[in-house]
Amino acid sequence: IPLIVDYNLHPLKAAKTDFTPQHTLKGNIEGGIGHRNSHMAFDYRITEVPKMSLDLYANHNAYWGRDAISESNLGMKLVRNFKKIDLFFGLDGGNEYFTYYGRYFDGTNKLTIPVGTIVNENQSIWDIQANVGFKTNNRKSAFQYAFHTGYKAYIITNNMVENQLRTNFDMSWKAKKKHAAGVKFYMQNSMYSNPTQDSTLHNKHALRLEPYYEYKHKAIRLYAGVNIGLNIGTGTLISVVDNVCFVPTPNIEFEWKMMDNIFHVYANAKGSMGVGSVEEYLGYNRYLNILAGKTFNSPRNYTPADVQIGFKIRPVKTMLLDIYGGYAYTIGANQMLAILDTNNISVIDYTLDLNNLQCWKVGASLHYHYRDMINLNVNGNYYAYSTPNATTPIYDRPSWELYGRVDVKIDSKWSCYSENYFAGKRLANTTQGDIHLKPSIELNLGAQYTINNWLLVYLQLNNFLNRKNDIFYGYQSQGCHFLLGVKYKF
């Protein structure tokens, strides 16, 4: 899976205020506005009495215009501490609004419908959830446990509703400080209905059970688990017939501190399988269409093995270099298909499965810190993809990616940053033929000025080269835009 391609090109960026240490009181509020974009964030501890806390939070990011997109959420969290356990309860509601602006562009930022034509295709998705749980707070006890359950409604306006019930339970037992064993359990029940297609309530159930063993010593850490996955699904969206899928996947982590704090060697072998929900499907690409008869075959996005081997070097106290290589094998990997008419109008998009996708990866990351004045983070990956059929095209995946960010504290008042992302060409799949998407380049700058312990102002200049990067075929990122904001802590 690409490094950060689906996230770094996202046009909604929060304020970069982490470099200056926070002066936390009870809460903070921040807001910013720019050219066709806005940002707001708020959090406040309403009450903090012995053994109990109640927090309220909210945030909103928006970009206006033909390619409008906004994300908002509001929630609260209550924690009550007892002698041996902690109880918690949470409520959260969110909304995502966007337009299908890529349906009327030919991939080169040229509108393919007559000028003046009214285009009013948009979507609004509501995400409402409630959760409750408890966990042990006695860290000295050899027996540890945590339980969490919740309900989530994923509502696509005038289209469909997906109700989810999620349950987590973790339990572990430690012996003689070095050895531990436990089990992790996760269950998700998804119930889906689409009144525009039929009145049937379709169901999808995903269960995950992972028994594990863990060993910790001064120089060695080993975690060995087997994730046993079970997917059960029925219905038009999930599968065309009743379907049951049972697959085990490994979860192994190993690290050897050959020279403590100087040279470490590590290896990981993990696997995964998608749960097959509507939310998971749109999480790959929010602009996809849910089509009648579109199947979510099981297994989907099933990765039997994702292996990575690497080593970490600390040549000086403030520098860490991580060099690694890996291999992943995936069944049913996501690929996007743009269905075009004869005028090259992208009228609808959905995913196709790419079976037996193999990915070899090599990469490195560098982290450097200098006297609380400079923070530098750079990481990059090179990918080589293949399938058993050498002639099968591979879409939506760049062959390389590079990300870098540097934060500089000029003095006690001023700090600034530069955040940049680069990616190679990608191949797009359309019904009018394959199309090469140009390399992605996104350069961002920002600065902030701390007035006092409670107040600061900041400025962001995003994508200042005004480059139209392709998120997917027809859907290009916003051009150059700025955000001027203020943050107040109280």
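How many salt bridges does the structure hold? The count is 16. The model is a predicted one, and the stops below take in some of these pairs, then a pocket, then a single residue.

**The whole chain**

Start with everything shown and coloured by secondary structure. The protein has two helices and 28 strands. Of its 490 residues, 42% are buried. Switch on the surface: about 24,500 Å² is exposed, and carbon and sulfur atoms supply 63% of that area. For contacts between residues at least 6 apart in sequence, 59% join residues at least 24 apart.

**Lys487 and Glu30**

Select Lys487 and Glu30 and show their side chains. They meet in a salt bridge, with 3.8 Å from N to O. This pair links distant parts of the chain: Lys487 belongs to strand β28 (residues 481-489) and Glu30 to strand β1 (residues 27-34), with their positions 457 residues apart in sequence. Is this pair buried or exposed? Both Lys487 and Glu30 are buried.

**Arg405 and Asp407**

Move next to Arg405 and Asp407. Their salt bridge has its closest N and O atoms 2.8 Å apart. Arg405 has a relative accessible area of 15% and Asp407 one of 8%; buried means under 20%, so both residues fall in that class.

**Asp470 and Lys438**

Now select Asp470 and Lys438, whose side chains form a salt bridge at 3.5 Å, N to O. Here too the pair links distant parts of the chain, 32 residues apart: Asp470 is in strand β26 (residues 470-472), while Lys438 sits in the loop between β23 (435-437) and β24 (440-450). What is the relative accessible area of Asp470? The value is 3%, and therefore Asp470 counts as buried. Lys438, with a relative accessible area of 31%, is partly exposed.

**A network of five residues**

Select Glu214, Lys216, Arg221, Glu253 and Lys270 together. Salt bridges link these five residues in a network. Keep Glu214 and Lys216 displayed, since the next stop returns to them.

**The second largest pocket**

Turn to the second largest pocket, which holds about 300 Å³ of space. It is lined by 15 residues, and the closest to its centre are Lys174, Lys177, Ala180, Glu214 and Lys216. Glu214 and Lys216 also belong to the salt-bridge network just shown. Which strands each supply at least two residues of this lining? They are β8 (160-175), β9 (179-193) and β10 (202-216). Colour the lining by residue class: seven residues are charged, four are polar and four are nonpolar.

**Ser72**

The last stop is Ser72, in strand β4 (residues 69-81). Its relative accessibility is 25%, so Ser72 counts as partly exposed. Show the residues around it. With neighbours within four places in sequence left aside, Ser72 is in contact with Asn59, His60, Gly93, Gly94 and Asn95. Then draw a distance from the C-alpha atom of Ser72 to that of Ala58: the two atoms are separated by 7.6 Å, and the residues are 14 apart along the chain.

Conventions:
Residues numbered from 1 in each chain as written. Predicted model: local features only at pLDDT ≥ 70, side-chain atom pairs only at ≥ 80, totals over all residues. Heavy atoms only, no water. Salt bridge = Lys/Arg side-chain N within 4 Å of Asp/Glu carboxyl O. Helix = DSSP H or I, 4+ residues; strand = E, 2+ residues; numbered from the N terminus. Buried < 20%, exposed > 50% of the residue type's maximum accessible area, 1.4 Å probe, protein only. Contact = heavy atoms within 4.5 Å. Areas by Shrake-Rupley, 256 points an atom, 1.4 Å probe, with all protein chains shown as cover. 1 Å grid on protein atoms, 1.4 Å probe; cavity = no way out; pocket = protein on both sides within 12 Å on 5 of 7 lines; lining within 4 Å. Points joined across faces, edges and corners; volume = space filled by probe spheres on them. Nonpolar A, V, L, I, M, F, W, Y, C, P; charged D, E, K, R; others polar.
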